[in-house]
Amino acid sequence: MQPERAFLDSGGPFAHTAVAYGSDSGFLRLVQPLIAGALREGRRILVVAGERGLDLIGDAFGTDTRLIDRRPSGKWYAHPTRTLAAFHDYIRRRERPLVLGEPVWTGWTERQAREWIRYESVLNAAFAGIPVSLWCLYDETLALDHVPRTHPTELSDAGLRRSDRYVSPERFAPPGDDLPLPDPPPSAVVTDFTLGELGRLRALVTDYAHRVGMRRDLVASLVLSVSEMAANSVEHGAGHGRATIWAAGGEIVCEIADSGGGDLDVPLPGYLPPEPGSPRGYGLWISRQLCDLVQVRGVDGELRVRLHMALD
């Protein structure tokens, strides 16, 4: 099967394919037919890659490169949920776009890598049913074990094939997802709240963030995220909740616990943007973009949302 035919033969309007290459020539051998086919069809093209990959594409397509939207991986892949939102914005505004993206898989902590792996799986739910072909580029020497589980199809020099290890995003869980959240330190600040006390909670978080040295332009984002999660607890939970705040490892952590929540009744909470015009569903979506990490756990009838944000 020719690579440019994969969009048509993927069994639906959305195609999500991993592309493994091992050299510059291998990169072009796989990528060039995809871009050439999209150019012939007049489709919009977005390529997010490292400097070397962008240069190779520029050399291969010459003056036609002006028809390709090119973005450097280092800037585009800075935060999983913000990257998801950026792709969402690009794809929703264009008809049948071709998107090639190469995440940066080096230099991340284990926690960061786990969130990027989750992001790759979430893509399958975020764009299901949308006419877009999304190709994820990988240097095969990285030996990324998660790729066959997060991509329905794979393309290499051996051709295009369906992954027999693929797991749907609703069932997929990166390693470590089943581990319980560690207990807050004894020095953590704990306070209960109700609807009438959300203003007091925001003031407490603001004061705490300033005292531990959080950069001032980040404080508002943290306070907004905490306020959104607390308001959700009041509105959709038991009508009250408990906030726990502490600083450790160069970040502030704020946990909102709701004894009436138990668990969320939506899959992939906060990873999928709300439907246009929907009055609900924005809290976690916004918080995942503002915070460095959002962890959600439902245990023994209690829903816990833990927000992480670096001090600087």
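Reader: Which residues does glutamine 295 touch, not counting residues up to four places away in sequence?

Author: Contact means heavy atoms within 4.5 Å. By that rule, glutamine 295 touches Leu181, Arg304, Val305, Arg306 and His308. Keep in mind that this is a predicted model, where local features need pLDDT of at least 70, side-chain atom pairs count only at pLDDT 80 or more, and totals for chains, interfaces and linings use all residues. Residues are numbered from 1 along each chain as its sequence is written, and side-chain values use heavy atoms, with hydrogens and water left out.

Reader: Is glutamine 295 buried or exposed?

Author: Buried means under 20% relative accessible area, exposed over 50%, partly exposed in between (1.4 Å probe, protein chains only). Glutamine 295 counts as buried because its relative accessibility is 19%.

Reader: And which strand is glutamine 295 found in?

Author: Strands (E, at least two residues) and helices (H or I, at least four) are DSSP runs, numbered from the N terminus. Glutamine 295 sits in strand 11, residues 293-299.

Reader: How do I read the cavities?

Author: Rolling a probe the size of a water molecule over the atoms shows where empty space is left. On a 1 Å grid over the protein atoms alone, a cavity is a set of points where a 1.4 Å probe fits but cannot get out; lining residues have an atom within 4 Å of a point. Grid points are joined across faces, edges and corners, and a volume is the space filled by probe spheres set on the points. Here there are 2 cavities of 30 Å³ or more, and the largest has a volume of about 80 Å³. Helix 4 (80-92) and strand 11 are the elements giving two or more residues to the lining of that largest cavity.

Technical notes: 1 Å grid on protein atoms, 1.4 Å probe; cavity = no way out; pocket = protein on both sides within 12 Å on 5 of 7 lines; lining within 4 Å.
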